[in-house]
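Hi everyone, thanks for coming. I'd like to walk you through a structure that's new to most of us, so let's put it up on the screen.

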Amino acid sequence: MGLLSIYFKSNFLGLLKCLNKLNWFIVFFSLINLSVCIYEDQIGKFDWRQTYVGRIKFSQFDTVSTAKKIIVATEENVLAALNLKTGQVVWRHVFESASTGNIQLLAITDKVVTVSGANPYLVRGWDSATGVLQWEWSLSLENDDQSDFSEWWVQNDLLIHMLPVFGSHLEVSMYHLATGQNRGYTSKLPASWARDSSCVVTPPYYTCISGEKGSQQLISLDVTSQAVQLITRPLSEYVNLETYDGGIRAVDGSSVIPAFTIEDKKIIMIKNNKFEMLTTNVGDASASVALIDIANGPVVLQAWMDDNQGFTMTAHSVATGAELPELRVTDRNLKLPDPEVSSAVCTKSNREQLVCRVLFNCGDDSMHLMQQGGRVLWSREEALANVVAIEFVELPVSDLDAAIESEFDQKEAAKMYSSIWAAFSRRLQTQFTQLQTLIQSIQRGEGLEEDAPSALVRDYFGLHKIIVLVTDVGKIFGMDNLSGAILWQYYEADLDTEGVVVFTRRTARHPPNDAYLTVVGKQEGTGNGLIISLNPITGTLIGERLLKLDVQLLQCTLLHRPDNEKLHALILLDKEENVQVLPRSAAPLVENMFMYVAERNTARVQGYALVFNGQEVEAIRTWLIQLGGAAGARIVRALAKPPAERVHSPGRVLPDRSVLYKYVNPNLVLFVTEGPDPVHKDVVVATCVDAASGAIVAAQVHRRARALPHAVHTEHYLAYLYYNDKHRRTEIATLELYEGKTRWLPAGAAFSSLSSERAPSVERQAFILSAAPTAAATTVTERSLTDKHVLLALSSGAVVEVPWVYLEARRGGSGEEGVVLPAHAPELPLSGDARLNYNRTLARPAAIHAAPAGLESTSLVLTTGLDLFYTRVAPSKTFDLLKDDFDYYLITVVLAGLIVATYSTKYFASRKMLKQAWK
Amino acid sequence: MKQLLSIVLSVCTFSHVLSAVNVPEEEVGNGRYSIEGKVFPPEELELGPWQVDTRIHVNGGEYIGFIRGDGTFVIHNVPSGSYVVEIIHPDYMYEPVRVEINSKGKFRARKVNYIQTSQVIQVPYPLRLKALSKFRYFQVREQWRLTDFLFNPMVIMMILPLLFIMILPKMMNDPETKEDLKQISNLAKMSEMPEMSEMFTSLFSGGAAAKASAAKAKQVKKRQ
């Protein structure tokens, strides 16, 4: 009996233990449920993708096949077919981004023909309807130095390659288009008159202006004809040589007629081996000229943009010089900077009407398809294929909410409502207006407009924001993050966006002051500073507006303290190490400011302290680090923490209930350098430097490796990527910095770089990444309470979310409160369900930008590159939001059923009681 | 005279056709090679234009290849070295292959192994690449099923006592079962079963620790 009880007892304990374990398993699975993917029915619910092709290099209308298309080849090395009616991409091929992918020629015969690369060249033929490759062959030139001057065109199913050797001769080769067989020999045509700067190719003619100044000749040669036949005329026949200062330009557009302009004034075309000057002159010095063939003969098309008169397009008949009024367009409101006729096509409709389509390629990288009459059928903002800086901007609250908020604002309330009655009447007033808007919204709801664009006001969860994108060409866009629609655009041709930075200097939380955003860039040409300040909600210039500095900038930052107008001042350090504070009135606020300037090629990092001396702010050199040592390394990546980051959890609880405190130094900067090494070829060094004191906090060396410019840095952890040359694989190294099990500072005390003598303990680990990364970032949430995931963009077009637990240095052990960390494995898992963009592959992802939403659980992510992809991620699942598939219907039915059941049973119970009482 | 000239010309053209044939070999001599292979689409896609969605990345996009209508591809002008060839398709997974070209132009293709980089498992060259499987991008939504509901422990916990309460008293009324029950209880008395009360006292006196751990578990659970 006792035996049995003992047996039973142990069994019971075992059961309990087993249950306990199970419990942990449940906790484990619920906490780090590592599958973060979405459900299939959520496709496109939180995300959108926009595909771009880049600035047009060549374009041609494909009117042969049934589905009408425009074939474009772009500066981004993309070949694409665009739908003629909508402008959407039908098919797209992305070539190599390096010079091996440069498209040299686009021609349309029965196939789409491209020549790409830079010696060796690849000639490919594509099916225009499906985009499938039909044939390709490679071609390499023996003369490598001159190959940059190669000219290509297609004539009668022959690919013609012409290589001018200036001052000597022209080498012309013809190849069979589909096979690459060399038909006819490489002929060398004597052309001692060919000059580098003053020659144009207008297939099949090669034309130069040659000769001594004052007696220049216009010489042209048909390079494909068997007999060498020079066309020579003195230039003085066409222009006044006394004022002539050079300038010969082939006409724009894919014209079939060989023609060119001289001095941007006269149009000359070659007909029957003769020069023929057109009676039409070029309308404007900046005009784009194109010759197109229409039913009544060739037409000269000209388009230009004037600041006062707006956009103008004219068309003149070549034969008579008479203007075609139906093609004339003048539009004051149309803003097409530097329009260039990329291609045009005109057909006659049944009723003898001219139907024209002109594709314009503008200076701001946008393309517009225009109909006769000036109607723009569609536009594509190809500048967005080259985004260089991003900022997420909060929307302002609605007027009503602002009124309610101001009511509860302590200071304001004290000012205005001294008596309790005033406050009460105001309360009633605001509630009345609330009621009014509610009624209005209900009335509007009954109307038709359900899909009306949502007003630009902050939503309850703070998920609606404006994305400000600065593009390479100098165009700034404001984009709605929920729909991806462009809200405003601002083009500044003078902005050189190399190293451009964007600051939100005032959010929209401070009515009546507008939100304030500043873009700090360079001026085209001089490299001097250029500052654009605008309201990110409307896109209008405010404050400093467009400020052109007359000095080059070294570094810029925001003052952490706002001034009276809640504006954060901009601090600029220029090349002479002078400091400018914008606005000037904020200079006295500068206190405890530090800056660093890192030189990319020498790996020299200079620290500065900014001090206000009563009149102005001075920059005092404080420390200097030569990161590469004497060997001469270069900085591949310098990365500080996100400035707005707040860390709300100071430590991590270990399984034994002790706390491991994080080393959270806001001044920490990670430098990844790469340099040569006598023994190990290349060495990658990651150095964590305290930017205020110049102290080196941690460092890590990787031998026989090449650095990649991708790193993440948040809270107490850092990760960076490098290519391991020895094992030929990409690796991701992580560093975690901890203060230890005791706190260095009392809780709540601010960290000071200058007074901390202790070094943090560093945990390190490296993992193999079985893909080629092109960008890295971490998720960002409002209060940093949610888990952090690392987002990696891969060259395959995927954006992958990797939970930090996989990168944790202590992986394999046990983590917080018994949570079992995933077992140590050398390779990071990159499964399909970790892929944020599922099968929406992104071409050439270049950068990932994450921003917090109003909800703590959610982070907004935008990936840029050739495509834009926006989504939102919830690293710890949406714990503060009902699931989007929450069944309101079911819960209502259940609740109603329960209520009915309660009342009916009550009724039946009372009847039973009554019956019993009668018995 | 004219005739003679034309004959000379035609001879010239012939000689140039011959020289053109030799062109590809010259390229190889420059230290540039071509990686060749064939991609087999998954069966579901064989009809559509899968070639447009599929592309070949060599070393993460350093060289990009395109697939012809019949599934073959050539990546031109690759210098000797070691390359990872990946087939990228939005929906289907392909295994990457490492292709090594030595300075003499010999090709070797092997499986990519990032962990044991020296391990060589050769695969045939020219490459023949088949789709492994479809990517699983999405979570499967839980659907409401009656069995799930019935086998839910909470529901079982509710229903079983209900059964006992409702059915057992009815069974008691039945005279036959009454007799059966009696027999069972008699049997129980006869056997050497431990007494219920005794068992419980021994269990609780010795089981204090177990109880504490249970309480602890509860606490922890609450904290979660």
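I'll go from the chains as wholes down to a few local spots.

Before anything else, keep in mind that this is a predicted model.

Okay, chain A. It has 919 residues, and 39% of them count as buried. If you go through its secondary structure, you'll find six helices and 59 strands. Laid along its principal axes, the C-alpha atoms of chain A fill a box of roughly 120 × 85 × 75 Å. Now take the contacts in chain A with a separation of 6 or more: 50% of those are between residues 24 or more positions apart.

Then there's chain B, with 224 residues, of which buried ones make up 16%. Chain B has eight helices and ten strands. The contact figure for chain B, again counting separations of 6 or more, is 52% from residues 24 or more positions apart.

Let's look inside. How many residues are in the largest nonpolar core? There are 248, and those with the most contacts inside that core are A:Leu301, A:Ala344, A:Phe671, A:Ala719 and A:Tyr720. The element that gives the most to this core is strand β51 of chain A, residues 717-724, with seven residues. If you want one residue to click on, try A:Phe671: setting aside neighbours within four places in sequence, its contacts include A:Ala598, A:Val605, A:Leu627 and A:Val689.

Next, a sheet in chain A. Four strands make an open sheet, in the order β34-β35-β36-β37, with antiparallel pairing. At the edges sit β34, residues 495-506, and β37, residues 541-548, each pairing on one side only. From one strand to the next, the twist averages 20°. As a reminder, strands of a sheet pair through backbone hydrogen bonds, either parallel or antiparallel. Here, β34(A) and β35(A), which covers residues 516-523, are joined by seven bridges. You can spot A:Val501 standing opposite A:Val520 in β35(A).

Stay on β34 of chain A for a second, because A:Arg506 is in that strand too. Buried or exposed, what would you say for A:Arg506? The cut-off for buried is 20 or more other C-beta atoms within 10 Å. A:Arg506 has 23 C-beta neighbours inside 10 Å, so it counts as buried. Leaving out neighbours within four places in sequence, A:Arg506 is in contact with A:Asn513, A:Ala515, A:Tyr516, A:Lys566, A:Leu567 and A:His568. And A:Val393, 113 residues away along the chain, has its C-alpha atom 9.7 Å from that of A:Arg506.

Over to chain B, and a hairpin. Strands β2, residues 55-58, and β3, residues 63-66, pair antiparallel over four bridges. B:His57 stands opposite B:Ile64 in β3(B). Between the two strands of this hairpin there are four residues, and B:Asn59 takes a positive phi near 50°.

Last stop: helix α5 of chain B, residues 153-173. What span should its 21 residues have? At 1.5 Å a residue we'd expect 30 Å, and the end C-alpha atoms are 30 Å apart, which agrees. There is a kink, though, of about 30° at B:Ile167, shortly before the proline B:Pro169. The helix is also hardly covered: among its 21 residues, the count of buried ones is zero.

That's my tour, so over to you.

How values were computed
Residues are numbered from 1 along each chain as its sequence is written. Chains are lettered from A and ligands numbered from 1 in the order in which they are written. This is a predicted model: local features need pLDDT of at least 70, side-chain atom pairs count only at pLDDT 80 or more; totals for chains, interfaces and linings use all residues. The expected span of a helix is 1.5 Å times one less than its number of residues. The bend at a residue is the angle between axes fitted to the seven residues ending there and the seven starting there. A residue is buried if 20 or more other C-beta atoms lie within 10 Å of its own, exposed if 12 or fewer, and partly exposed in between; C-beta atoms are placed from the backbone. Two strands pair if DSSP finds at least two bridges between them. Axes are lines fitted to C-alpha atoms, for helices over the stretch in contact, and angles run from 0 to 180 degrees between N-to-C directions. A nonpolar core is a set of buried Ala, Val, Leu, Ile, Met, Phe, Trp, Tyr and Cys residues joined through C-beta atoms within 7 Å. Two residues are in contact if their C-beta atoms, placed from the backbone, lie within 7 Å.
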